[in-house]
Amino acid sequence: MRQRSLSARYEKARRGELVVAAPVGFVKAGDRYEKDPDRRVQEAIKLVFDKVEELGSARQALCWLHEYNLDLPVKADQRRHSLAATELLYHPPDH
């Protein structure tokens with residue numbers, strides 16, 4: 001079943017019909033991705049990578065973020081929120 005799902009996804013991509021949302025911290029600009037122009041989003045993403053580098057692991061960075069009650073940007077889920085999929089919410093990081 002997984003193989004059929006992957007084959008269908010590859011076929012959609014080949015036809016140019018595969019729609020993939022930009023990851024948090026990036027926006028789609030035409031046919032390419034650029035950094036999100038929102039400075040708060042850029043700084044939050046930079047903080048995560050800096051902490052992983054400083055502390056040596058993603059788990060330690062996650063613990064640090066929880067210790068200081070820092071929220072990170074997440075894309076709005078249209079099924080749960082009445083926001084557009086491109087809008088960001090700020091929540092504590094998940095594990």
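User: Hi! Before we look around, what counts as a salt bridge here?
Analyst: A salt bridge is a side-chain nitrogen of Lys or Arg within 4 Å of a carboxyl oxygen of Asp or Glu. Keep in mind that this is a predicted model.

User: Got it. How far apart are the closest N and O atoms of E34 and R32?
Analyst: Those atoms are 2.9 Å apart, and E34 and R32 form a salt bridge.

User: Are those two buried, exposed or partly exposed?
Analyst: E34 is partly exposed, with a relative accessible area of 31%. R32 is partly exposed too, at 49% relative accessibility.

User: And how many salt bridges does the rule give?
Analyst: The count comes to six salt bridges. There is also a network of salt bridges that links E11, R14, R15 and E17.

User: Back to E34 for a second. Which residue is the bridge partner of V27 in β2?
Analyst: That would be E34 itself. Strand β1 (residues 26–29) and strand β2 (residues 32–35) run antiparallel, with four bridges joining them.

User: What sits between those strands?
Analyst: The hairpin of β1 and β2 has two residues between the strands, and G30 in this hairpin takes a positive phi near 70°.

User: Cool. New topic: how many residues does helix α2 have?
Analyst: Helix α2 covers residues 39–55, which is 17 residues. From its first C-alpha to its last, α2 reaches 24 Å, close to the 24 Å expected at 1.5 Å a residue.

User: Which residues of α2 are buried?
Analyst: They are V41, A44 and K51. Looking down the axis of α2, you would find its buried residues within an arc of 95°, so they line one face of the helix.

User: What do they pack against?
Analyst: The buried residues of α2 pack against α3 (58–67), β3 (72–75) and β4 (88–91).

User: What about the other side of α2?
Analyst: There you'll find exposed residues: R39, E43, K46, F49, E53 and E54.

User: Wait, K51 is a lysine. Why does it count as buried?
Analyst: Buried means under 20% relative accessible area, and K51 counts as buried because its relative accessibility is 12%.

User: So what does K51 touch?
Analyst: Leaving out residues up to four places away in sequence, K51 touches G56, A61 and W64. A61 and W64 are among the buried residues of α3, while G56 follows α2 and has a positive phi, near 95°.

User: Which residue shares a salt bridge with K51?
Analyst: That's E54: the side chains of E54 and K51 meet in a salt bridge, at 3.0 Å from N to O. Both are in helix α2, and since they are three residues apart, about one helical turn separates them. E54 counts as exposed at 55% relative accessibility, whereas K51 is buried.

User: What about K46 and D50, how far is it from N to O there?
Analyst: It is 2.7 Å in the salt bridge where the side chains of K46 and D50 meet. These two also lie in helix α2, four residues apart, about one turn of the helix. K46 is exposed, with a relative accessible area of 51%, and D50 is partly exposed at 33%.

User: What happens at the start of α2?
Analyst: A side-chain oxygen of D38 reaches to within 2.9 Å of the backbone nitrogen of R40.

User: Now α3. Which of its residues are buried?
Analyst: In α3, the buried residues are A61, L62, W64 and L65. Seen down the axis of α3, they fall within an arc of 160°, so they line one face of the helix.

User: And what covers them?
Analyst: The cover includes α2 and β3. On the other side of α3, R59 and E67 are exposed.

User: Last one: where is N69?
Analyst: N69 is in the loop between α3 and β3. Its phi is near 50°, a positive value in a residue other than glycine.

User: Is N69 buried or exposed?
Analyst: N69 counts as exposed, at 65% relative accessibility.

Note on methods:
Residues numbered from 1 in each chain as written. Predicted model: local features only at pLDDT ≥ 70, side-chain atom pairs only at ≥ 80, totals over all residues. Heavy atoms only, no water. Expected span 1.5 Å × (residues − 1). Buried < 20%, exposed > 50% of the residue type's maximum accessible area, 1.4 Å probe, protein only. Arc of directions from axis to C-beta. Contact = heavy atoms within 4.5 Å. Polar contact = N/O pair within 3.5 Å; in protein donor to acceptor, adjacent residues only side chain to side chain. Pairing = 2+ DSSP bridges.
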